Amino acid sequence: MTHSNHAAQKKTTRTEGFRFQDRLAIAVATGCGAGFMPKAPGTAGAIEGVLIYLLMAHLQLTAYFLHAIIFFLIIGTWSAYRVELFWGEDSQRIVVDEIVGQMITFGLAAGRYPLSAFYVIAGCIFFRLFDIVKPFPLRRLERFKWGVGVMADDVGAGIYALLALTLTRHILGT
């Protein structure tokens, strides 16, 4: 097999012949398959971030929410880097960055005050808006290599969404 055929074959979504680490990286990077959604995989990843927040809130584990964000940030960077090796840079299938960014949006609330359904939905909308529009300097953050660029712009979008959500709560007085 020529080098170009081998490279073309590696960019498919097939997992035959992949090692355990590759399969684990795919599972993490795609949010256990959400990245394979034919439409709006980024939104599916963001919804997974919302569900993690809601599950931790329901189980009264929000005191560990920052730990969860850091864990997903580290394993997400590793998996994004590993998956980029065979799917190419910042593949649309990689949604762990959306999961982390969406989790960051709720970071100040976790363990401090409950968020109503209105604020959970608003936080999701704020995050997706900033993730899609990528206000300065988020687009520049995508230039980092080794999975960092994949994660960094969504971390920034999560911070912007957190600020917007906090400001909205302050303005509305709730």
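## Aromatic pairs

Phe36, Phe86 and Trp87 come together as one aromatic cluster. The model is a predicted one, and the count of aromatic pairs in it comes to 7.

In the pair of Tyr53 and Phe65, the ring centres are 5.5 Å apart and the planes stand at 80°, so the geometry is edge-to-face. The cut-off behind that label is an angle of over 60 degrees between planes, with ring centres within 6.5 Å. This pair links distant parts of the chain: Tyr53 belongs to helix α3 (residues 41-58) and Phe65 to helix α4 (residues 65-87), with the two positions 12 residues apart in the numbering. Both Tyr53 and Phe65 are buried.

## Surroundings of Arg169

Arg169 is part of helix α8, which covers residues 148-172. The relative accessible area of Arg169 is 15%; buried means under 20%, so Arg169 is classed as buried.

Two tyrosine rings have Arg169 over their faces. For Tyr113, Arg169 lies at 3.8 Å from the ring centre. For Tyr119, the corresponding distance from the ring centre is 5.6 Å. Arg169 and Tyr113 are also joined through their side chains by a polar contact of 3.5 Å. Tyr113 therefore has two listed relations to Arg169, one over the ring face and one polar, whose cut-off is a pair of N or O atoms within 3.5 Å.

Tyr119 and Arg169 are 50 residues apart along the chain, and their C-alpha atoms are separated by 8.0 Å. With neighbours within four places in sequence left aside, the contacts of Arg169 are Tyr113, Leu115, Tyr119 and Thr174. Both tyrosines that have Arg169 over the ring face, Tyr113 and Tyr119, are thus in that contact list.

## Largest pocket

The volume of the largest pocket is about 240 Å³. Its lining is made up of 16 residues, and those closest to the pocket centre are Gly42, Gln92, Glu98, Arg128 and Asp131.

Helices α3, α5 (96-105), α6 (117-133) and α8 are the elements that each give two or more residues to this lining. The largest share comes from α6, with 3 residues.

Two of these helices also appear in the sections above. Helix α3 holds Tyr53 of the edge-to-face pair, and helix α8 holds Arg169.

Methods:
Residues are numbered from 1 along each chain as its sequence is written. This is a predicted model: local features need pLDDT of at least 70, side-chain atom pairs count only at pLDDT 80 or more; totals for chains, interfaces and linings use all residues. Side-chain values use heavy atoms; hydrogens and water are left out. Rings of Phe, Tyr and Trp (its six-membered ring) pair if their centres lie within 6.5 Å; planes under 30 degrees apart count as stacked, over 60 as edge-to-face and the rest as tilted. Helices (H or I, at least four residues) and strands (E, at least two) are DSSP runs, numbered from the N terminus. Buried means under 20% relative accessible area, exposed over 50%, partly exposed in between (1.4 Å probe, protein chains only). A charge sits over a ring if NZ of Lys or CZ of Arg is within 6 Å of the ring centre and within 35 degrees of the ring normal. Contact means heavy atoms within 4.5 Å. A polar contact is a pair of N or O atoms within 3.5 Å; within protein, one must be able to donate a hydrogen and the other to accept it, and residues adjacent in sequence count only if both atoms are side-chain atoms. On a 1 Å grid over the protein atoms alone, a cavity is a set of points where a 1.4 Å probe fits but cannot get out, and a pocket is an open set with protein on both sides within 12 Å along at least five of seven lines; lining residues have an atom within 4 Å of a point. Grid points are joined across faces, edges and corners, and a volume is the space filled by probe spheres set on the points.
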